[in-house]
Amino acid sequence: QVMHRHKDIARASLGNIPTGDGALPVMNAMVGILIEGGVSPDVASLSVDILSLYFTATAYEESLEAFPTDPAGAEAFHRELNNFFASLPAEKYPYLFALAGPLTEGDGDHRFEFGLDLLVRGIASTVKPTGTE
């Protein structure tokens, strides 16, 4: 939410390791949540980077003028993108043609939550149940 409200932060933070006073508490908290949730230190160390990149990339994409945030503009954008995929030659791009609708459905929050859920489930899959080797 912070990056969504301050989209220019994403532009500045891509490619930078979070070593500043603003980023360190967030990074520390993320690693702590992972460790306390049973994630191994190795997986937590890799996951905090992947999660940060996901948050930053999403905020960066939302900061671009090409992706309207107002409902009418977003709807027109998705309709235009849907029309583009639906106009592709089906014999050359069968999957993109067939999935023109699903490829362009869902708002930014829905897509963000879906991606975050995928990442969290992947991280969670590395946690061994208590009492096992």
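Is F112 buried, partly exposed or exposed? At 21% relative accessibility, F112 counts as partly exposed. Buried means under 20% relative accessible area, exposed means over 50%, and partly exposed lies in between (1.4 Å probe, protein chains only).

First, the ground rules. This is a predicted model: local features need pLDDT of at least 70, side-chain atom pairs count only at pLDDT 80 or more, and totals for chains, interfaces and linings use all residues. Residues are numbered from 1 along each chain as its sequence is written, and side-chain values use heavy atoms, with hydrogens and water left out.

Now the overall fold. The chain has eight helices and zero strands. Its pattern along the sequence reads α-α-α-α-α-α-α-α. Helices (H or I, at least four residues) and strands (E, at least two) are DSSP runs, numbered from the N terminus. Of the 133 residues in the chain, 17% are buried. The chain exposes about 9,700 Å², and carbon and sulfur atoms supply 61% of that area. Accessible areas come from the Shrake-Rupley method with a 1.4 Å probe; for residues, only the protein chains shown count as cover. Take the contacts between residues at least 6 apart in sequence: 50% of them join residues at least 24 apart. Contact here means heavy atoms within 4.5 Å.

Return to F112 and its ring partners. Rings of Phe, Tyr and Trp (its six-membered ring) pair if their centres lie within 6.5 Å; planes under 30 degrees apart count as stacked, over 60 as edge-to-face and the rest as tilted. The count by this rule is four aromatic pairs. One of them is stacked: Y54 and F112 sit 5.2 Å centre to centre, with 15 degrees between the planes. This pair links distant parts of the chain, with Y54 in helix α4 (residues 41-63) and F112 in helix α8 (residues 108-124), 58 residues apart. F55 and F112 also pair, with ring centres 6.0 Å apart and planes at 40 degrees, so this pair is tilted. That pair too links distant parts of the chain: F55 is in α4, F112 in α8, and they are 57 residues apart. F55 is partly exposed, with a relative accessible area of 27%. Ring pairs thus join Y54, F55 and F112 into a cluster.

Y54 also belongs to the largest nonpolar core. A nonpolar core is a set of buried Ala, Val, Leu, Ile, Met, Phe, Trp, Tyr and Cys residues joined through side-chain atoms within 4.5 Å. This one has nine residues: M30, L34, V39, A44, V48, L51, Y54, L116 and I123. Helices α3, α4 and α8 each supply at least two of them. α4 gives the most, with four residues. Within the core, V39 touches L34, A44 and I123; V39 also touches V127, not counting residues up to four places away in sequence. In soluble globular proteins, nonpolar side chains tend to be buried together.

Just after α3, G38 takes a positive phi of about 95 degrees.

Last comes helix α5 (residues 71-87). G73, A74 and F85 are buried in α5. Seen down the helix axis, the buried residues of α5 fall within an arc of 105 degrees, so they line one face of the helix. The arc is that of the directions from the helix axis to the C-beta atoms. These buried residues pack against α6 (94-98) and α7 (100-103). On the other side of α5, A72, E75, E80 and S87 are exposed.

Note on methods: Expected span 1.5 Å × (residues − 1).
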